[in-house]
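Open the structure in your viewer and keep the selection tool at hand. We will go from stop to stop together.

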Amino acid sequence: MQRYPTKQIKIRDVAIGGDAPIPVQSMTFSKTKDIKGTLAQIQRLYFAGCDIVRCAVLDKEDAKALREIVAKSPLPIVADIHFNHIYAIMVSEYVDAIRINPGNIGSKERIKAVVDACKQRKIPIRIGVNSGSLEKQFEERYGRSVEAMVASAMYNINLLEDFDFTDIKISLKSSDVERTMQAYRTLRPKVPYPFHLGVTEAGTSFHATIKSAIALGGLLLEGIGDTMRVSITGELEEEIKVAKAILKDSGRQREGLNIISCPTCGRLQSDLMKAIKIVEEKTRHIKEPLNVSVMGCVVNAIGEAKGADVAIAFGKESGLIMRRGEVVARLKESELVDRFLAEIDDEIKSRE
């Protein structure tokens, strides 16, 4: 499905919205005042393929530390501000964007002060609505519902627009998958601004992966979403890995190998698990989008291989290597994976 058209903003040199690729975000969990530790986590995220990183600002020491962190960071930095708008004004001098939760930032006057500072520096603001920290008037009227989340978002969007500020992106997060999806769906037709997708407080790796795959993947398939974070407790590289996989498998990002492999069954007559492990390890660096098939028996192997750029069709102690549906080699099982990897390299070179 075609993406919803949205206004494009920029966080440093990363475009969000419009027809820009969907960037992946994460957040450091070090104390931001620990400059060395925070920069080390940012470096890890950078090498994992992250595009934007958010840092929490809990106190004045965190706010001051961000100046050096931003100067040394290879990634754009978003300052995450709760409760104290003064910190947002302080860091607006050097960060690349501000994230505020309107439910706990305070009065209109405080929000206007933050907006004025961001307008002067020409940096965007993310309106981060969380179902667990809504403004009192919306929670009292609607409870912690989709209606309350959307009402909060619209109120604060209108507020920023009244202050003549439109460099906005919006998130509507809940720990509940259905509520998260419905909030984004409800707000999407109402505003032109880019959406940051995420399920908040999603949990540890297993549960967060499932929740994010359902919610974020589902929304992306509906054309909703301009940037995203997969929130996993205490996991940096894993957040990026899962987010990239969701983007790829939803068809929103064409990068790296799409490995098609059978689920294994009693027909298997080869060491398929070993083959898959080697293929994943040896192709991790590849950015070129390729469909490759590694199938373990003759029932589905040839059919799947015909649709792949490069394929192995295992048989009993031997198998076929195929390129775009054509057989290029019949080999012993022990020779198949090496030839398969060589054919992948050759396919990439032929495209170059």
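Here is a short tour of a sheet, the helices on it and a surface patch.

This is a predicted model, where local features need pLDDT of at least 70, side-chain atom pairs count only at pLDDT 80 or more, and totals for chains, interfaces and linings use all residues. Residues are numbered from 1 along each chain as its sequence is written, and side-chain values use heavy atoms, with hydrogens and water left out.

**Stop 1: the sheet.** Select strands 11 to 15, an open sheet in the order 11-12-13-14-15 with mixed pairing (strands are DSSP runs of E, at least two residues, numbered from the N terminus; two strands pair if DSSP finds at least two bridges between them). Strand 11 (257-261) and strand 15 (326-332) are at the edges with a single partner strand each, so one side of each has no neighbour in the sheet.

**Stop 2: one edge.** Now pick residues 290-295, strand 12, which runs parallel to strand 11 and is joined to it by 5 bridges. Look for isoleucine 260, opposite serine 293 in strand 12.

**Stop 3: a helix on the sheet.** Add residues 333-351: helix 13 packs on the sheet and touches strand 11, strand 12, strand 13, strand 14 (318-323) and strand 15 (contact means heavy atoms within 4.5 Å; helices are DSSP runs of H or I, at least four residues).

**Stop 4: isoleucine 210.** Finally, select helix 9 (residues 205-221), where isoleucine 210 lies. Is this isoleucine 210 buried, partly exposed or exposed? Isoleucine 210 counts as partly exposed because its relative accessibility is 39% (buried is under 20% relative accessible area, exposed over 50%, partly exposed in between, with a 1.4 Å probe and protein chains only).

Methods
Axes fitted to C-alpha atoms, helices over the stretch in contact; angles between N-to-C directions.
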